[in-house]
Amino acid sequence: MSGLPSTETDAINLIARDMKCLVKKIQDLRHIGIEDSRIALPRICVIGDQSTGKSSLIEGMSEIKVPRSAGTCTRCPMEINLSESEPGQDWNCRIFLSRKYLFDGSRKVTKLPKKSQPLGPWIEQDQEDEHFTDVKDKDGVQEAIKWAQLAILNPGRPSTDYQPGNNADTDESYCQVKFSPNVVRLDISAPNFPNLSFYDLPGVISQAEHDHERYLVSLVENLVKEYISQENCIVLLALPMTDDATNSSAARIMRDVRGAKERTLGVLTKPDRIQTGESYAQWVEILEGDKFALGHGYYIVRNNPDPAIEHSRAREEEAVFFAKGPWATELSAYQDRFGTRHLQAALSSLLLEQIQGCLPRIIEQIDEKAARIDAELQTLPDPPSANVPYILCGKLNHLKDQIRAHIDGGSAQYPLQKIWGNIAKDFKRALLKTRPTVQLLAHSDKMAIPIAREDADSDCEMTSIQRSVSVNVKRKTPCDRPTPTPAEPKPEQPSTPKPSGYYTEHFNRFGRPARMFTWEEIREINEDSYRAGIPDQTDPKAVEVMNQLSVEHWDEPMQVFLGATHQLVRDMLMRQLKEVFTPYYQTSLYRELKRIIDNYLQTLRKEHFRHAQENYNIEHNKPFTMAISALEQATENAYKYLKARRHEARSHCFLDLQGKIPRGDPRRDAEIKKLTAAELGPDRFVQELKMMATTRGYYEIASSRFIDSICQSVHTKLFSKCREELIAVIENELRIFDGNAVERCMELMAEDPERQRRRQYLLKEKEKVLKAQEWLATAKKEDDAAESAESDPAIKSQPPEDWSSFPFGPVAG
């Protein structure tokens, strides 16, 4: 660490102490494989074009030698983790092969890679870290890295063939692939070492050696973009001072990635190669941020081009170089940005700031990932290994209890009966709204004079409001008798919300009378039914025909009601099946249970609809009631109502014909009350009015009986069957009590291979997350203990809200 004033060395050491804990935390989290699409750990990525001095820069920061021959160092990324060793421990380097991508040789890539396959033949997989070798001597690192890179570039051959001591017969000139996204990882520890962690990405190439390798240009670019696009990544961009900054392909890639420019620190290399007499003006502009500005500015480093030079000597030479002009004279204002040591200090400070800013969120993301894994594992438990019939019977008994609880109802937890009760009320309301009505005025009442009415109240009748409008719904009678359409019907008024707030759309189309009679039609029905006897008398057969016509539409709302009820029960059963048998969702047991329940419900539905249709046929084919008193009362009420409405309609018509008192005049109602039957003349449809009243009275009695009957059938044909018989049917269909009960249960509860693979993957992920959480909890205890024992506050690991600020500020190099 020579070459810097003692105060600056102390600054680096101060940051190093703070960084040691934090960088170690991030390294440990990364190496257990905690990163995924949602969790991105802080990192430094070094990018640059080929021959920009990037390798020398890496060597200067890590104090190791990297391979410079055979092009291997440009073909795969390298992760370098630097840390300060414990007192008394010597320099050590552990090398790992970190494989996150699988090579698919069947993917022949000779052109540009597809967007769906940005890395061509490389397919992402779970990360696997394999220990390759340990190196105790710095001089042996370069050779060890070369063989590790060869192992990465030959994915079809065992890595043991490339390990030092076993590679004597291995051809070091052969590479199966020209490029690999898999990583050679170096964990280097030494006394007084800066705590840094960074990635050396392959040098960006603009041309391939051969035409069939042109795809490598895009593959390297895509890999670089993948690394630097993560918002927690600090980008280290190497630019040679021997070339114009506008020519850098790596700089172009960096600018293309949104947000990367603000996270980038530029490193200007090869300052000793600047031609004598060349102006330093453009570099001053760059250092000032006037040209090619980057978020973290620029540093300048000078490395000895001779790989044989020791690092200590290289740093001394660098210090001497920047102590001369123009660096110490014209450019002296930027002295704190010259040299590898200053760069290391700046990177340490940036990485510290980055970690302390994002670690709270990372902890939250780890906890969220743990919750997601636990939730999914609940659906993928280990298959039972013993007493399988007992486990299955227990589940079925639980299902039976849940079904009974829902069918019995009685609490907000089991709302089926409440919901069904509201559907039944809607069914009743639908029959009420569709009851028959009559057009109050006949054409003969108007004396053949056309009258344009502003208010249609005199033309038609509805019973929901005092002056209501009925709209004809065309339905054919058994004799295909046409139904007249009333003149100028008013639109149906929207129904008021129910007090309970419950609303269903099942019966929306049953909001108007299903049939509107006319007085002439009723007379015709009576005449058609006339057989013998006294003329102008009501024939009982005619009333029966009208009763049949009034109820013939009941089958439609009945089927809607039964369909909604069966769907309600099926939804409840499927929910309970999913809740009770969630752990076996992807087994044949769950599929069998669903099939059995559906088949059973289809059987019940078919029988229930048949029974209900028979009930409807009885009501439609033969109107009948023994409730004589109730019928007489309902008929009398209907007669009084229809008679009053008929009189009112005739009175309005009379006044219109006379041209007296226009509609809307307040005096009109008083005038109507004065009109006598003598003035209006005899009503030609008295007999028909009585027939209509009888039909309305019967409809009230019959509809109440029909609703009760259909609703009772729901209890006997559906609810009771599911409550008492369904589980027995399931047990019988599953054949779990046969002689081979154990084998049958094992067969049903056996999982498919995909489910097994998914559970194994989740268990591995859970192990990683538990390690991370356990480690963070231990770190928190250590931090808390240090905080109470020392005056200086320590870094906290959890909870995340405690990470909002840190006691360490960035230290200038």
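**Why the labels in this predicted model apply**

Visitor: Where is P326 found?
Guide: P326 sits in the loop between α7 (311–322) and α8 (340–378), where helices (H or I, at least four residues) and strands (E, at least two) are DSSP runs numbered from the N terminus. The peptide bond that joins G325 and P326 is cis, with omega at about 0 degrees. This is a predicted model, in which local features need pLDDT of at least 70 and side-chain atom pairs count only at pLDDT 80 or more, whereas totals for chains, interfaces and linings use all residues. Residues are numbered from 1 along each chain as its sequence is written, and side-chain values use heavy atoms, with hydrogens and water left out.

Visitor: How many helices and strands does the protein chain have, and what percentage of its residues count as buried?
Guide: The protein chain has 20 helices and 11 strands, and 50% of its 813 residues count as buried, a label that requires under 20% relative accessible area (exposed is over 50%, partly exposed in between, with a 1.4 Å probe and protein chains only). Among contacts in the protein chain with a separation of 6 or more, 80% are between residues 24 or more positions apart, a contact being heavy atoms within 4.5 Å.

Visitor: What makes the phi of E63 worth noting, and why is E63 called buried or exposed?
Guide: E63 has a positive phi of about 60 degrees although it is not a glycine, and it is found in the loop between α2 (54–62) and β2 (78–84). Its relative accessibility is 12%, and E63 therefore counts as buried. F292, in the loop between α6 (281–288) and β9 (298–300), likewise has a positive phi in a residue other than glycine, near 50 degrees, but with 28% relative accessibility F292 counts as partly exposed.

Visitor: Why do S348 and S229 get the labels that they have for accessibility?
Guide: S348, in helix α8, has a relative accessible area of 5% and is therefore buried; its C-alpha atom is separated by 6.4 Å from that of L196, although the two are 152 residues apart along the chain. S229, in the loop between α4 (215–228) and β7 (233–240), has 39% relative accessibility and therefore counts as partly exposed. The C-alpha atoms of S229 and G259, 30 residues apart along the chain, are separated by 7.8 Å, and, leaving aside neighbours within four places in sequence, S229 is in contact with V257 and R263.

Visitor: What makes the orientation of α13 and α18 parallel or perpendicular?
Guide: Helix α13 (residues 555–580) and helix α18 (residues 686–734) pack at about 20 degrees, with their axes 11 Å apart, the axes being lines fitted to C-alpha atoms over the stretch in contact, with angles from 0 to 180 degrees between N-to-C directions. Angles under 35 degrees count as roughly parallel, over 145 as roughly antiparallel, 65 to 115 as roughly perpendicular and the rest as oblique, so α13 and α18 are roughly parallel to each other. The residues that meet include F561, L562 and V569 in α13 and F706, C711 and L726 in α18. The contact of α13 with α18 divides into 13 nonpolar, 2 polar and no charged residues, where Ala, Val, Leu, Ile, Met, Phe, Trp, Tyr, Cys and Pro count as nonpolar, Asp, Glu, Lys and Arg as charged, and the others, Gly among them, as polar.

Visitor: How do you know which label fits α14 and α19, and which fits α11 and α12?
Guide: Helix α14 (residues 588–621) and helix α19 (residues 741–749) have axes that come within 6 Å and cross at roughly 95 degrees, and α14 and α19 are therefore roughly perpendicular to each other. The contact is made by S588, L589 and E592 of α14 with R744, E747, L748 and M749 of α19, and by class it has 3 nonpolar, 1 polar and 3 charged residues. Helix α11 (residues 519–529) and helix α12 (residues 540–551) pack at about 130 degrees, with axes 8 Å apart, and α11 and α12 are therefore oblique to each other.

Visitor: How many disulfides are counted, and why is C745 without a bond to C393?
Guide: The count comes to 0 disulfides, under a rule that asks for a pair of cysteine sulfur atoms within 2.5 Å. The cysteine sulfur closest to that of C745 belongs to C393 and is 6.7 Å away, which is too far for a bond. C745, at 1% relative accessibility, counts as buried, and C711, at 13%, also counts as buried.
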